[in-house]
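Please work through the following exercises on a protein model with its coordinates at hand.

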Amino acid sequence: MKTSDDFEEPPEDYHVIVPAGWFQLALDPEVRDRSIIALADRQFRGIDNASQLRKEFMRELQRAAKKAYTAGGTELYISMLAVGPIPLASSLLISVPPADEWPDFSDVDELAEFLADRPGPLDTAAELGVVELAAAGRAVRRRTKEAADPETQMGNTLNTTLLTYHVPIPATKRWLTLTFSTPLEPLADQLVELFDTVAGTLHWE
């Protein structure tokens, strides 16, 4: 497996290993609807009298997929994992932000300093630092919270925990961003450990 230092030319692709219980939701508008229907069928299989919940679920997926695609999203994964009756609600969006979204940084320390000066409204206890991923190289890791939005999160009233990795793409000035999220505040620390493990599998090809 190549590490980031092995590339003199930009890599052709990247790979991340996700848990078997995560569903990949297509972001391409041409296939997005079919992917959403497939996920809704899986989520509500065997559940009767849930047509309204199913519609709200599909509407939220449509909104999330459109937002992710507009932001440069390449892949979106939705967790289907559960512990007993409790769904481990979480997601992973992988994106390549537009070139003009960031200042012209290619150094992780510069980006970390830039982000430190721009905290969000719930970032008073944010974690921000530079870490080393085994194959993908140095990355900016940031853990923050985002206020709940019950109208677009199917009634969720808990703050969402976000874990973001900004990874420089070798031999370029572009960044690959992994954004993990979960609204399960009581389980946030445990899920962040899982997110860190997934991020550690990132590698270039």
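Two exercises with worked solutions follow.

The model is predicted: local features need pLDDT of at least 70, side-chain atom pairs count only at pLDDT 80 or more, and totals for chains, interfaces and linings use all residues. Residues are numbered from 1 along each chain as its sequence is written, and side-chain values use heavy atoms, with hydrogens and water left out.

**Exercise 1.** Determine which elements are joined by the salt bridge between arginine 141 and glutamate 127.

*Solution.* Step 1: a salt bridge requires a side-chain nitrogen of Lys or Arg within 4 Å of a carboxyl oxygen of Asp or Glu. For arginine 141 and glutamate 127, the closest N and O atoms are 3.0 Å apart.
Step 2: arginine 141 belongs to strand E8 and glutamate 127 to strand E7 (residues 127-133), so parts 14 residues apart in sequence are tied together. Strands (E, at least two residues) and helices (H or I, at least four) are DSSP runs, numbered from the N terminus.
Step 3: buried means under 20% relative accessible area, exposed over 50%, and partly exposed in between (1.4 Å probe, protein chains only). Arginine 141 is therefore buried at 14%, whereas glutamate 127, at 35%, is partly exposed.
Step 4: both residues belong to a salt-bridge network with Arg143, Asp189 and Asp196.

**Exercise 2.** Identify the element that supplies the largest share of the largest nonpolar core.

*Solution.* Step 1: a nonpolar core is a set of buried Ala, Val, Leu, Ile, Met, Phe, Trp, Tyr and Cys residues joined through side-chain atoms within 4.5 Å. The largest has 26 residues, and Tyr165 and Trp204 are among those with the most contacts inside it.
Step 2: at least two core residues come from each of E6 (91-95), E9 (160-168), E10 (175-182) and H4 (188-199).
Step 3: helix H4 gives the largest share, 5 residues.
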